[in-house]
Amino acid sequence: MQDPIKKTILDMLELQKLPESQQIKILEGIGQVVYEAVFMRVMEELDEKGQKEFTVALDRAKTPDEVVSYLTEHVPNFDQLVQEEVEKFREDSAQFLEKLG
């Protein structure tokens, strides 16, 4: 399974143009930030029962793919959340770079 978070980051930030080794390094850094933002959004969107179920799924998951698979299956707007968080990251990064001048 190709991780939809990584795929969205690659697509929206147009990282496919880079060599694969650079893509992997960038995805490691950006991916962590986006994963955390997505997980926080998911927790905000779930009701109390859903939050408990997600916490159990996180504890049981052996790989990040299992977590993403759970989210894809149980959060109807998961793809949209991912896109929004990648876009937010891109906008925040652009503003930060703009301030650096």
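Here are some worked exercises on a predicted model, each with a step-by-step solution.

**Exercise 1. Getting the overall layout**

Work out how many helices and strands the chain has, and in what order its elements run.

*Solution.*
- Step 1: Count the elements. The chain has five helices and zero strands.
- Step 2: Read them off from the N terminus, and you get α-α-α-α-α.
- Step 3: Put a box around the C-alpha trace. Along its principal axes, the trace spans about 45 × 30 × 20 Å.
- Step 4: Check burial. The chain has 101 residues, and 29% of them count as buried.
- Step 5: Look at contact range. Take the contacts with a separation of 6 or more; 62% of them come from residues 24 or more positions apart.

**Exercise 2. Sorting the aromatic pairs**

Search the whole structure for aromatic pairs, then classify Y35–F39 and F54–Y70 by geometry.

*Solution.*
- Step 1: The search turns up three aromatic pairs.
- Step 2: Start with Y35 and F39. Their rings are 6.0 Å apart centre to centre, with 70° between the planes. Edge-to-face needs planes over 60 degrees apart, so this pair is edge-to-face.
- Step 3: Place that pair in the fold. Both residues sit in helix α2 (residues 20–45), four residues apart, which is about one turn of the helix.
- Step 4: Are Y35 and F39 buried or partly exposed? The cut-off for buried is under 20%. Y35 has a relative accessible area of 12%, so it is buried, while F39 comes in at 21% and counts as partly exposed.
- Step 5: Now take F54 and Y70. Their ring centres are 6.1 Å apart and the planes meet at 20°, so this pair is stacked.
- Step 6: Trace the connection. F54 belongs to helix α3 (residues 48–60) and Y70 to helix α4 (residues 64–74); they are 16 residues apart, and the pair links distant parts of the chain.
- Step 7: Run the burial check again. F54 is buried at 1% relative accessibility, and Y70 is buried too, at 17%.
- Step 8: Put it together: Y35, F39, F54 and Y70 form one aromatic cluster.

**Exercise 3. Describing the largest pocket**

Find which residues line the largest pocket, and say which helix gives the most to that lining.

*Solution.*
- Step 1: Get the volume. The largest pocket holds about 180 Å³ of space.
- Step 2: List the lining: D3, K6, I24, L27, E28, G31, Q32, Y35, F39, P64, D65 and V67. Y35 and F39, from the aromatic cluster, are among them.
- Step 3: Assign the residues to helices. Both α2 and α4 supply at least two residues each, and α2 gives the most, with seven.
- Step 4: Sort by chemistry. You end up with six nonpolar, two polar and four charged residues.

**Exercise 4. A closer look at α2**

Locate the kink in α2, list the buried residues of this helix, and see what covers them.

*Solution.*
- Step 1: The kink is about 30° and is centred on G31. G31 also lines the largest pocket.
- Step 2: The buried residues of α2 are Q23, L27, I30, G31, V34, Y35, V38, R41 and V42.
- Step 3: What covers them includes α1 (4–12), α3, α4 and α5 (78–100).
- Step 4: Zoom in on Q23. With a relative accessible area of 14%, Q23 is buried. Leaving out residues up to four places away in sequence, Q23 touches L10, L15, Q16 and L18.

**Exercise 5. Two residues in and after α1**

Decide which side of the burial cut-off T8 and E14 fall on, then check the phi of E14.

*Solution.*
- Step 1: T8 is in helix α1. Its relative accessible area is 14%, so T8 is buried.
- Step 2: Ignore neighbours within four places in sequence, and T8 is in contact with L13, V82, Q83 and V86.
- Step 3: Move on to E14, which lies in the loop between α1 and α2. At 48% relative accessibility, E14 counts as partly exposed.
- Step 4: Check the backbone. Most residues other than glycine have a negative phi. The phi of E14 is near 50°, a positive value in a non-glycine residue.

Terms used:
Residues numbered from 1 in each chain as written. Predicted model: local features only at pLDDT ≥ 70, side-chain atom pairs only at ≥ 80, totals over all residues. Heavy atoms only, no water. Phe/Tyr/Trp six-rings, centres within 6.5 Å; stacked < 30°, edge-to-face > 60°. Buried < 20%, exposed > 50% of the residue type's maximum accessible area, 1.4 Å probe, protein only. 1 Å grid on protein atoms, 1.4 Å probe; cavity = no way out; pocket = protein on both sides within 12 Å on 5 of 7 lines; lining within 4 Å. Points joined across faces, edges and corners; volume = space filled by probe spheres on them. Nonpolar A, V, L, I, M, F, W, Y, C, P; charged D, E, K, R; others polar. Bend = angle between axes of the 7 residues up to and from the residue. Contact = heavy atoms within 4.5 Å.
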